[in-house]
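This report introduces a structure to a reader who has not met it before. Please look through the sequence and the model before reading on.

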Amino acid sequence: MSAPQLRIRRRIPRTPYLLLIPAVAILLIGLGYPIVWQVITSLQEYGLQQQFGKPAPFVGLQNYIDLASTSQLWIVVGRSILFCLVTAVATLAVGTLLALLMNAVTKGPRIVLQIALLLAWSMPVVAAMTVWIWLFDRRRGAINFLLDMIPGVDMNRFDWLESPATFFVVASVIVIWMSVPFVAFSTYAGLTQISDEVMEAAQLDGANGWQRFWGIILPMIRPVIGIVLLLQVIWDLRVFTQITMLQDAGSKSSEFDLLGTYIYKLGTKSQDFGMASSVSILVLAITIALSWFYIRSLLKEDES
Amino acid sequence: MTLALKLKGSRQRSRDASAGGALRRRSKKGLLGLLAIVIALLWVFPVYWMVNSALLPNVVLQSFVPTFLPLGGSIDNFVGALSDGSFYSALGMSTAITLSVVVLCILFAFVAAVAISRFRFRGRKAFIIAVLIVQMLPAEGLFIAQYKLVSSVGLLDSVIGPTVIYTASVVPFTIWMLRGFVAGVPADLEEAAMVDGLSRFGAFMRITFPLLAPGLVASGVYAFLQAWNEFTVALVLLPSEANQTLPLWLRGFVQASATRETDWGQVMAASTLVAVPVIVFFLIVQGRLTSGLVSGAVKG
């Protein structure tokens with residue numbers, strides 16, 4: 001830091017705080033207050049009667065205890081975590097393979113692939129969902145039509161959204177399609193940082209493609225891969241829009257819920273804000289715990 | 001690097017590149033190029049399908065055999081989607097919310113970014129950590145409380161509710177993004193201008209501000225994309241049909257159309273209308289978005 005700046009800082013020490021006021025104020029209103037309200041409400045009995053003005057009694061950890069003893073919650077939590085891990089890992093695998101492919105091909109095919117990925121990436125979630133639902137449509141969807149053309153496969157009028165298993169396969173395919181571009185571009189950015197000399201040296205020394213990948217490429221892009229996987233896991237926990245739209249097209253029954261839609265239904269259908277709040281707190285806690293590693297890596301960047 | 005050296009030492013030296021090897025390598029590259037193009041087509045297919053279906057006449061879409069090629073030239077579906085009266089109110093609502101969010105975000109994030117990158121002060125690190133944590137918080141974990149907050153002050157169905165919530169959730173990332181830009185403009189440049197007789201404010205406006213323009217544009221577009229596409233919070237804060245944003249309108253349009261036989265042509269036309277502005281803006285800023293999210297990991 002230069003000397004003149006130090007002098008300025010000492011003369012007007014209040015400036016930085018004044019500059020932070022608008023951001024801090026909007027964060028306190030939009031996020032701070034809701035979080036505090038949610039923590040308090042999660043400790044209260046806040047059901048239908050309270051919606052109509054009855055005071056909400058404090059019940060301590062009763063909501064959490066009730067939740068912990070409902071098998072429904074554990075099923076939804078387990079399903080969400082499974083969905084999120086499978087989807088995130090698959091996204092990472094496909095994204096990394098596409099990044100390696102971008103790195104291996106000549107400029108022409110690379111640009112074609114990058115444009116295709118960018119277009120997919122830029123699609124608004126709601127618009128993407130309508131297209132995918134149309135693609136998976138039971139009667140006139142292109143996917144059933146194409147699969148049905150494979151000899152021996154009968155997919156005529158197959159209803160993908162009817163059973164939870166295929167429902168979540170569809171959801172996962174859509175989320176992977178949306179998220180792969182980000183992973184591919186980030187990983188590709190990491191790959192371009194590996195110097196050509198290192199790769200050539202390894203090649204001259206007879207390391208084959210497989211050895212080069214495990215011995216050089218993977219260790220060098222490990223930091224990017226770690227961050228990207230973490231972000232994917234966090235983002236795949238919040239797939240409310242996708243699941244809601246798929247439930248619109250299929251069934252709204254609870255077998256098709258993940259955490260987001262589960263909370264939404266607790267809040268809107270059962271009007272049980274106390275329980276909804278405690279599940280929300282659970283989601284926030286999982287997210288913050290996962291985010292910590294990401295935040296640490298960003299802080300390192302600030303210090304440098 | 002060290003690993004490469006280790007590899008160099010341990011592997012036996014063999015297989016020098018012969019002419020045949022070079023040829024094989026070139027044809028392998030050609031095959032990979034072909035694979036890349038096939039994957040590109042696969043990935044872009046849903047986007048193509050949206051536009052293709054939107055431009056096909058309904059009679060063709062009713063067929064059980066999908067029409068893959070070519071693009072039809074019918075704009076009937078767009079006319080049909082646009083004749084849905086609530087499209088215009090949704091467009092108005094989305095525009096009002098998005099513009100307010102963009103303006104507020106740029107203003108708030110900019111002054112905050114100046115504070116954290118131009119000053120060292122007590123609480124700076126705590127503020128940065130808080131900002132980084134809150135930007136990770138999912139709407140799915142907060143919307144019940146946000147609904148309660150907005151409804152308790154009687155602002156359900158108003159532009160203000162989503163504007164406040166969106167600004168709060170977008171501001172952290174934009175602060176982080178702008179911080180890099182402000183830090184990238186050397187303070188010495190400002191000092192030099194001040195020595196030459198400009199006030200601190202004048203130096204800032206004449207020297208630093210123009211250099212920040214790309215950063216401000218990128219943050220603005222980021223805020224635009226977030227506010228324009230947001231679904232979850234809008235769903236709870238804008239319950240009545242007259243005050244929907246475009247994503248809610250699109251969802252409602254699918255639902256309404258599904259009660260009869262889903263009119264996929266119109267649904268795809270509606271999706272195209274919602275998607276096109278987003279795609280255009282997204283392509284402008286995508287480079288910065290990727291590097292903003294993972295730059296620490298790429299460079300580190």
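The report below treats the fold of one chain, its domains, a pair of helices and the contact between chains.

The model is predicted: local features need pLDDT of at least 70, side-chain atom pairs count only at pLDDT 80 or more, and totals for chains, interfaces and linings use all residues. Residues are numbered from 1 along each chain as its sequence is written, while chains are lettered from A and ligands numbered from 1 in the order in which they are written.

**Fold of chain B.** Chain B contains 13 helices and 0 strands; helices (H or I, at least four residues) and strands (E, at least two) are DSSP runs, numbered from the N terminus. Of the 300 residues in chain B, 44% are buried, a residue being buried if 20 or more other C-beta atoms lie within 10 Å of its own, with C-beta atoms placed from the backbone. Two residues are in contact if their C-beta atoms, placed from the backbone, lie within 7 Å. Among contacts in chain B between residues at least 6 apart in sequence, 75% join residues at least 24 apart.

**Domains of chain B.** Chain B has domain 1 (22-74) and domain 2 (84-299), with bounds from an automatic or database domain assignment. Taken over C-alpha atoms, the centres of these two domains of chain B are 33 Å apart. Their contact draws 7 residues from domain 1 of chain B and 7 residues from domain 2 of chain B. On the domain 1 side, helix H2 (19-55) and helix H3 (58-61) of chain B each supply at least two residues, and H2(B) gives the largest share, 4 residues.

**Helices H8 and H10.** The axes of helix H8 (residues 160-184) and helix H10 (residues 200-229) of chain B come within 10 Å and cross at roughly 160°. Axes are lines fitted to C-alpha atoms, for helices over the stretch in contact, and angles run from 0 to 180 degrees between N-to-C directions. H8(B) and H10(B) are therefore roughly antiparallel, the term for angles over 145 degrees. Residues of H8(B) that take part in the contact include Phe173(B) and Met177(B), and those of H10(B) include Ala218(B) and Tyr222(B).

**Composition of the contacts.** Ala, Val, Leu, Ile, Met, Phe, Trp, Tyr, Cys and Pro count as nonpolar, Asp, Glu, Lys and Arg as charged, and the others, Gly among them, as polar. The contact between the chains takes 96 residues from chain A and 93 residues from chain B.

| Set of residues | Nonpolar | Polar | Charged |
|---|---|---|---|
| Side of chain A that touches chain B | 66 residues | 21 residues | 9 residues |
| Side of domain 1 of chain B that touches domain 2 of chain B | 5 residues | 2 residues | no residues |
| Contact of H8(B) with H10(B) | 12 residues | 4 residues | no residues |

Definitions and conventions: Angles under 35 degrees count as roughly parallel, over 145 as roughly antiparallel, 65 to 115 as roughly perpendicular and the rest as oblique. A residue is buried if 20 or more other C-beta atoms lie within 10 Å of its own, exposed if 12 or fewer, and partly exposed in between; C-beta atoms are placed from the backbone.
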